[in-house]
Amino acid sequence: QVQLVESGGGLVQAGGSLRLSCAASTRTFSNYSMGWFRQAPGKEREFLAGISWRGRSTYYADSVKGRFTISRDNAKKTVYLQMNSLKAEDTAVYYCAADPDYGSRVYAYWGQGTQVTVSS
C-alpha cells in the first residue's frame, strides 16, 4: 500500500512557474514508478508525465513536453513536477500516482490532488 500527498499548488500568473511535490509513505518507494496527471473542470483526467523507479527514464504528454519536468528523490520518497511557462489552460487539479510497473500510464495508487490555477 502506498499513500501519496501532493503539495505546492496555488495561484500563479500566466508565464510563471510552480513546483509540485508528492510525498509517499512507503518503505519501498524505489519499487514504484511515478506519474503526474491533471483534471480540469468538465474534462477527463489527463496523463502528463511518468518516471521510472530510479529516475533514469521519463516520458511526457505532448501538451507539456518542454515546459514540465518530472523528477524524483528516492531518499526523500518524493516525486516532483516542475512547471514552467504556465498557461491559463494548465488550470486543473494535479494528481500524482504510483505503480509497480512502468510505461503503461495505468497507476494503482493515487493522491488526493492539489489545485493549480493560472491567471491570464
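**A note on Glu-6, the sheet and the aromatic rings**

1. Let me start with a contact worth finding on screen: the side chain of Glu-6 reaches the backbone nitrogen of Cys-96 at 2.9 Å. A second backbone nitrogen, that of Gly-113, lies 2.8 Å from a polar atom of the Glu-6 side chain. Polar contacts here are pairs of N or O atoms within 3.5 Å; within protein, one atom must be able to donate a hydrogen and the other to accept it, and residues adjacent in sequence count only if both atoms are side-chain atoms.

2. Before going on, please keep in mind that this is a predicted model, in which local features need pLDDT of at least 70 and side-chain atom pairs count only at pLDDT 80 or more, while totals for chains, interfaces and linings use all residues. Residues are numbered from 1 along each chain as its sequence is written, and side-chain values use heavy atoms, with hydrogens and water left out.

3. Back to Glu-6, which lies in strand 1. Is Glu-6 buried or exposed? Its relative accessibility is 9%, so Glu-6 counts as buried (buried is under 20% relative accessible area, exposed over 50%, partly exposed in between, with a 1.4 Å probe and protein chains only). Leaving aside residues up to four places away in sequence, Glu-6 touches Trp-36, Tyr-94, Tyr-95 and Thr-114, among others; contact means heavy atoms within 4.5 Å. The C-alpha atoms of Glu-6 and Gln-115 are separated by 9.6 Å, although these residues are 109 apart along the chain.

4. Now the sheet around that strand. Four strands form an open sheet in the order 1-3-8-7, with antiparallel pairing. Its edge strands are strand 1 (3–7) and strand 7 (68–73), each pairing on one side only. From one strand to the next, the twist averages 20°. Strands are DSSP runs of E with at least two residues, numbered from the N terminus, and two of them pair if DSSP finds at least two bridges between them. Twist angles are taken between axes, lines fitted to C-alpha atoms, and run from 0 to 180 degrees between N-to-C directions.

5. At one edge, five bridges join strand 1 to strand 3 (residues 18–25), and Leu-4 has Ala-24 as its bridge partner there. The covered face of strand 1 carries Leu-4 and Glu-6, while Gln-3, Val-5 and Ser-7 are on the uncovered one. At the other edge, six bridges join strand 7 to strand 8 (residues 78–83), where Asp-73 stands opposite Thr-78.

6. The aromatic residues deserve a look too, with eight aromatic pairs in the structure. Rings of Phe, Tyr and Trp (its six-membered ring) pair if their centres lie within 6.5 Å; planes under 30 degrees apart count as stacked, over 60 as edge-to-face and the rest as tilted. Phe-37 and Phe-47 have ring centres 5.4 Å apart and planes at 75°, so they are edge-to-face. Phe-37 is in strand 4 and Phe-47 in strand 5; both residues are buried. Phe-37 also pairs edge-to-face with Tyr-107, with centres 5.5 Å apart and planes at 85°. That pair ties together parts 70 residues apart in sequence, because Tyr-107 lies in the loop between strand 9 and strand 10. Ring pairs link Phe-37, Phe-47 and Tyr-107 into a cluster that also includes Trp-53 and Trp-110.

7. Finally, two arginines. Arg-45 has its charged end over the ring of Tyr-95, 5.1 Å from the centre, and Arg-72 lies over the face of Phe-29, at 4.4 Å from the ring centre. A charge sits over a ring if NZ of Lys or CZ of Arg is within 6 Å of the ring centre and within 35 degrees of the ring normal.
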